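This report describes a structure in running text, with one small table. Please keep the sequence and the model in view while reading.

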Amino acid sequence: MPRVTCTVNGLRTVLEGHPMARLLDAIRHSGLTGTKEGCGEGECGACGVLLDGVLVNSCLTPLAHADGASITTIEGVATDATLHTIQQSFLECGGAQCGICTPGMVLAAYELLSRNPDPGEAEIRVALAGNLCRCTGYMRIFTSVLHACRAAGGLG
Amino acid sequence: MIPLLHHYQLVTPASLAEALDDLARHPEARPFAGGTDLMVVLEAGHLPPGRYVSLPQCRELTGIEEAGGGVSIGALTTYTTIRHSTLLASRYPMLGIAASETGGLATQNRGTIGGNIANASPAADTPPALLVYDAELELVSAKGTRRVPYRSFHQGYKKMDLAPGELIARIDLPPKGGRHMSDSWRPPAGTAIAWRPPSGAREGQWCDYYRKVGTRRAQAISKVCFAGSILMNGDKIHDVRIALGSVAPTVLRATRTEEALRGQTLDEPAIAAADRILVSEIAPIDDIRSTARYRARVARNLLGEFLRL
């Protein structure tokens, strides 16, 4: 089985699969099932991960493009048992309903705050525009991200 | 569905030279850039089986730089890089706006301008802007390089002037002539529609207009996309360029509409004449995203908005 070596959430990891297999599948088969498949065609953002710090849809990323990369999945956002400020905000502000879109939403917000610790609502809406919520809970999601910025004074 | 991946090969050459060599030795091989189009087609079960050559490690094909009075963009430059380029924002601002309206951020982080061109969708968002800027493509193969005007590159639906073994290497934007929009003026951040420099600043400089019409601002594929640039001399149109997406089998430069406007006084009769010619120049269709009738109406409305600003 072909394989690529990369770093996933800080750990050196070997992901197995065809070079054109979806990074999404390789991540989930490795046991990290927090990354979700929604549409499978780059429209919904549920499969979002950070590839070398950059938000990508893992359903559209061939495994070959992850060779040597550093990947952050939703499992790498919290520190041990302590939730990240963004995750805590989603809990406190009702930003999660059914939960399928939540990992992608959190990672899109995480990437935004890493670039801009103090975004306005308009910037949050642009950064999360590639993430769909079938429960249509968008307002509380935007509120959650704004709340996280205030709570942390930026990314903690 | 899970495609039968053993019918596919994805090889990763270490450099542009290796990639060109691989493409020369395997004439049926196809280039693979960011994957934001091809992976969708693969998942849908429609990607032709065979050999694909992964390109993102070809650093020679990235970067935005000044060249010959214009600007040269490497084909592997991502939308995100284009969106944030201050050089493009000051000289060829429609490209940054088009990039910001292509997909969402995750797509913009992976999708490349060369891939967008080679995917040859008539609904692509940057090509109308490239047509208006009179872009030239530098094509490269193991045999050498050649240049083609972008306006003659798309020859029919998904048909391109691109030989087996050839890659789009760079997209070159020539100097526009006249003055450029001043460096101190920028479209307001997040502006997705029409914009112009303040009136009074228009005389003697190219003024650009770009507007994509889709179901929503992010992620939507265009129903109609319009790019225009106009150079006024007093109340007369000294020069004008118009291009549209999603109204013909390829992105379309509306040369007859331009011809009708060039040299005319910019008034309502001139706009009405241009409107009639534009209708005869486009060939929109009904499909899942829109109807021919709606597309024709919107194309005319966008022409009117462009000329009346």
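Why is H3(A) largely enclosed by the rest of the structure? The reason is that 12 of the 14 residues of H3(A) are buried, so the helix is largely enclosed by the rest of the structure. A residue counts as buried if 20 or more other C-beta atoms, placed from the backbone, lie within 10 Å of its own. Among the buried residues of H3(A) are A:Met105, A:Val106, A:Leu107 and A:Ala109. Helices are DSSP runs (H or I, at least four residues) and strands are DSSP runs (E, at least two), numbered from the N terminus.

This is a predicted model, in which local features need pLDDT of at least 70 and side-chain atom pairs count only at pLDDT 80 or more, while totals for chains, interfaces and linings use all residues. Residues are numbered from 1 along each chain as its sequence is written, and chains are lettered from A and ligands numbered from 1 in the order in which they are written.

The model scores ipTM 0.94 and pTM 0.92. Chain B has an average pLDDT (the predictor's confidence in each residue, from 0 to 100) of 90, and 90% of its residues score at least 70. Over residues 179–194 of chain B, however, pLDDT stays under 50.

Helix H3 also belongs to the interior. It gives eight residues, the largest share, to the largest nonpolar core, which has 129 residues. Such a core is a set of buried Ala, Val, Leu, Ile, Met, Phe, Trp, Tyr and Cys residues joined through C-beta atoms within 7 Å. A:Val106, A:Ala109 and B:Ala243 are among the residues with the most contacts inside this core. Leaving aside neighbours within four places in sequence, B:Ala243 is in contact (C-beta atoms, placed from the backbone, within 7 Å) with eight residues listed by the model, including B:Pro128, B:Leu131 and B:Arg253.

Chain A is assigned domain 1 (3–76) and domain 2 (85–152), with bounds from an automatic or database domain assignment. Their centres, taken over C-alpha atoms, are separated by 21 Å. The table sets out two contacts.

| Contact | Residues from one side | Residues from the other side |
|---|---|---|
| Chain A with chain B | 24 residues from chain A | 24 residues from chain B |
| Domain 1 with domain 2 of chain A | 14 residues from domain 1 | 11 residues from domain 2 |

On the side of chain A that touches chain B, E4(A) provides the largest share, four residues.

Technical notes: Two residues are in contact if their C-beta atoms, placed from the backbone, lie within 7 Å.
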